[in-house]
Protein chains: 2
Amino acid sequence: MFSIGQLSKQTGVKVPTIRYYEQAGLLVSAGRTDGNQRRYDKEGLERLGFIRHARDLGFSIEAITALIDLQQHPDRSCQEATEIAQHQLTDVREKLQRLKALETELVRITDGCDGEGSSEECYVLASLADHQHCRGEH
Amino acid sequence: MFSIGQLSKQTGVKVPTIRYYEQAGLLVSAGRTDGNQRRYDKEGLERLGFIRHARDLGFSIEAITALIDLQQHPDRSCQEATEIAQHQLTDVREKLQRLKALETELVRITDGCDGEGSSEECYVLASLADHQHCRGEH
DNA sequence: CTACAACCTCTAGTGACTAGAGCTTCAAGA
DNA sequence: TCTTGAAGCTCTAGTCACTAGAGGTTGTAG
């Protein structure tokens with residue numbers, strides 16, 4: 001049996017976050033001591049590990065709820081889980097695209113400026129003021 | 001002179017967002033008609049364009065405030081602006097790194113599963129449950 | 001002059017936490 | 001057994017950058 005603090009240490013999830021997950025319905029309400037403190041078993045630990053891993057991969061709370069739901073109905077098709085993961089992958093790839101464009105643009109902006117001189121003729125500021133400077137879309 | 005709606009159309013920034021920017025101190029309080037409606041001139045339009053562009057590049061409201069402040073003190077060094085942009089670039093690059101790792105991991109997870117069978121033996125769910133499966137860090 | 005789109009302010013909600021106040025409980029050492 | 005203080009509890013509010021909605025007022029085209 002672990003206290004919430006021990007669970008926190010083992011998973012790397014902060015204590016208030018664990019309570020938040022419970023309140024959000026991700027974690028089943030933990031058992032309590034007579035004094036109302038939460039106590040967790042191995043299952044609680046594994047569940048939190050699952051959540052942690054999924055959050056690290058950028059899955060939303062909503063998506064994780066769906067995945068946990070699926071986990072608990074072993075008879076249901078695996079397809080749903082794959083769809084959720086695929087969706088997440090698409091999402092990540094879109095963000096990657098966008099960030100790559102931003103990187104290019106920021107490199108261009110910062111390279112154009114040596115940091116000397118007054119801000120009046122600053123290339124960074126000029127670039128931001130005038131979209132015309134940009135190569136690509138964003 | 002433009003109304004807030006015309007400004008919105010010209011810049012692509014939604015009306016409530018413009019008001020939010022004003023309230024956040026990014027946009028100087030606009031002039032008003034006798035009936036208390038905002039009216040903008042060319043300067044207001046340019047300022048909003050600047051903000052829009054900077055937001056598109058992922059600069060925080062705080063960073064943009066600093067940049068605008070700089071713009072208004074043409075005597076101050078350009079170095080600060082460059083630093084802010086550099087910081088933003090570092091930030092973007094970190095996110096890129098992270099997202100690339102996530103992509104790899106998600107591809108591995110989704111590739112391992114054909115979507116058939118029951119969720120009991122689903123590779124997606126198993127991968128999320130067990131960090132051991134992972135190649136890299138995240 | 002009228003109708004109604006567009007404007008106004010204010011409050012509250014979003015997602016995923018994080019911080020803090022004010023109180024109670026657990027567990028180790030004396 | 002008692003004490004102390006770290007760790008737990010609940011509840012409210014704050015974060016960021018908006019977005020939505022209520023309920024009322026103004027501008028302007030016909």
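B:Tyr21 is tucked away as a buried residue, with a relative accessible area of 8%. Its ring partner, B:Tyr20, is partly exposed at 42% relative accessibility. Keep in mind that this is a predicted model. Below are the tyrosine pairs, a helix contact in chain B, one alanine in helix α5 of chain B, and an asparagine with an unusual backbone angle.

**Tyrosine pairs**
- A pair of aromatic rings is described by the distance of the centres and the angle of the planes.
- Counting over all chains gives two aromatic pairs.
- In chain A, the pair is A:Tyr20 with A:Tyr21, and the rings sit 6.0 Å apart, centre to centre, with 50° between the planes, which makes the pair tilted.
- A:Tyr21 counts as buried, because its relative accessibility of 8% is under 20%.
- A:Tyr20, on the other hand, is partly exposed, with a relative accessible area of 43%.
- Over in chain B, the ring centres of B:Tyr20 and B:Tyr21 are 6.0 Å apart and the planes are at 50°, so this pair is tilted.

**Helices α4 and α5 of chain B**
- Helix α4 (residues 61-71) of chain B and helix α5 (residues 79-111) of chain B have axes that come within 10 Å and cross at roughly 160°.
- That angle is why α4(B) counts as roughly antiparallel to α5(B); the cut-off for that label is over 145 degrees.
- The crossing of α4(B) and α5(B) is left-handed.
- On the α4(B) side, the contact is made by B:Ala63, B:Ala66, B:Leu67 and B:Leu70, while α5(B) brings B:Glu80, B:Ala81 and B:Ile84.
- Sorted by type, the residues in the contact of α4(B) with α5(B) come out as six nonpolar, no polar and one charged.

**B:Ala101**
- Helix α5 of chain B also holds B:Ala101, which is partly exposed at 30% relative accessibility.
- Between B:Ala101 and B:Gln71 there are 38 Å in space, C-alpha to C-alpha, and the two are 30 residues apart in sequence.

**Asn36 in both chains**
- Most residues other than glycine have a negative phi.
- A:Asn36 is not a glycine, yet it has a positive phi of about 75°.
- You'll find A:Asn36 in the loop between β1 (31-32) and β2 (38-39) of chain A.
- B:Asn36 has a positive phi too, near 75°, and lies in the loop between β1 (31-32) and β2 (38-39) of chain B.
- B:Asn36 is exposed, because its relative accessible area of 52% is over 50%.

Definitions and conventions. Residues numbered from 1 in each chain as written. Chains lettered and ligands numbered in written order. Predicted model: local features only at pLDDT ≥ 70, side-chain atom pairs only at ≥ 80, totals over all residues. Heavy atoms only, no water. Axes fitted to C-alpha atoms, helices over the stretch in contact; angles between N-to-C directions. Helix = DSSP H or I, 4+ residues; strand = E, 2+ residues; numbered from the N terminus. Parallel < 35°, antiparallel > 145°, perpendicular 65-115°, else oblique. Left-handed = near helix turned anticlockwise from the far one by under 90°. Contact = heavy atoms within 4.5 Å. Nonpolar A, V, L, I, M, F, W, Y, C, P; charged D, E, K, R; others polar. Phe/Tyr/Trp six-rings, centres within 6.5 Å; stacked < 30°, edge-to-face > 60°. Buried < 20%, exposed > 50% of the residue type's maximum accessible area, 1.4 Å probe, protein only.
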